Amino acid sequence: MACIKVALLQILPRSTWEENLQKGLSACEKAKELGADIALFPEMWSNGYGVCNDVEKLKRDALPCESGYTKAFANQAKNLQMAVAVTFLEQYEPQPRNTLVLFDRFGKRILTYAKVHTCDFGEERNLTPGDDFAVADLDTACGCVRVGAMICYDREFPESARILMLKGAEIVLVPNACPMEINRLCQLRSRAFENMMGIATCNYPCGQPDCNGHSSAFDGVAYLPDQPESRDMCILEADGKEGIYVAEFDMELIRSYRKCEVHANAYRHPQKYHMLTAEQILEPFVRKDYRK
């Protein structure tokens with residue numbers, strides 16, 4: 001199987017979802033010209049991550065999962081014969097969700113994921129969290145690849161990537177909207193290393209409030225048989241400028257590595273991890289705005 005190319009659409013949003021739709025469709029065309037198999041948008045592209053404390057405004061800005069916006073990207077995926085992972089503020093009850101949908105190269109929606117770990121310490125407390133982590137088999141021109149998704153703050157929780165790994169994800173798509181500095185980049189590197197899977201993250205560029213670009217890709221392969229030392233798993237890190245950046249994941253390398261290395265599910269002791277799912281919360285680490 002050849003490399004899977006993921007285009008990170010590190011682009012600035014406009015003022016309306018209609019304008020973002022048009023700019024997004026154009027970005028997909030450019031991604032295809034660069035040879036991409038998958039185009040990935042930053043977080044909540046429909047409104048440029050326009051989260052606020054005005055719940056009624058959020059509801060007005062939200063779009064149905066089956067809408068002109070999503071159907072246009074489905075059609076674009078089919079026309080370009082390229083998978084498209086597009087993000088939007090989804091119309092949902094009781095309150096909207098932060099959602100990604102993945103269309104395959106035939107325009108079929110094969111994955112829907114709503115952000116599980118909403119940032120409840122801020123304005124995202126007004127959103128409805130998702131309740132599971134989704135994976136799907138994506139048919140590409142190079143063959144089938146098992147794809148998963150998480151969104152921004154999900155990265156802070158090792159359980160997010162771990163569940164995706166246990167569901168068989170080989171590449172995880174991560175829309176983002178925050179400053180990608182050394183510590184957050186290290187989190188992504190760690191999620192790739194400990195689960196032996198590729199992670200592709202698309203952020204907004206400089207010029208978007210509280211964002212700085214640095215979209216990235218880690219392939220999760222820390223060691224090669226012919227190299228005595230560990231290798232750098234970072235296969236792409238963008239700068240802060242607006243642009244489309246293509247990461248190439250060598251699937252044969254990733255798959256052969258997963259068969260022989262010691263991470264991910266190889267030597268886990270899940271029977272000893274009961275506390276991870278216990279309801280008890282250690283009081284010294286609970287914020288006053290904690291929402292169960």
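Trainee: How many residues does the largest nonpolar core have?

Mentor: The largest nonpolar core has 56 residues (buried Ala, Val, Leu, Ile, Met, Phe, Trp, Tyr and Cys joined through side-chain atoms within 4.5 Å). The model is predicted, so local features need pLDDT of at least 70 and side-chain atom pairs pLDDT 80 or more, while totals for chains, interfaces and linings use all residues. Residues are numbered from 1 along each chain, and side-chain values use heavy atoms, without hydrogens and water.

Trainee: Which residues have the most contacts inside that core?

Mentor: Val6, Leu102, Leu173 and Phe249. Strand β8, residues 171-175, gives the core its largest share, four residues. Strands (E, at least two residues) and helices (H or I, at least four) are DSSP runs, numbered from the N terminus.

Trainee: What does Val6 touch?

Mentor: Leaving out residues up to four places away in sequence, Val6 has contacts (heavy atoms within 4.5 Å) with Ile38, Leu40, Leu173, Ala200, Tyr245, Val246, Ala247 and Phe249. Another core, of 29 residues, lies apart from the largest one and includes Ile11 and Cys211.

Trainee: New topic. Is strand β9 mostly covered or uncovered?

Mentor: Mostly covered: five of the five residues in β9 (198-202) are buried (under 20% relative accessible area, 1.4 Å probe, protein chains only; exposed is over 50%, partly exposed in between). Gly198, Ala200 and Cys202 are on one side of β9, with Ile199 and Thr201 on the other.

Trainee: Why two sides?

Mentor: Side chains in a regular strand alternate between the two faces of the sheet.

Trainee: Which way do β8 and β9 run?

Mentor: Parallel, joined by five bridges (strands pair at two bridges or more in DSSP). Val172 has Ile199 as its bridge partner in β9.

Trainee: And which sense do β9 and β10 pair in?

Mentor: Antiparallel, over three bridges. There, Ile199 has Phe218 of β10 as its bridge partner.
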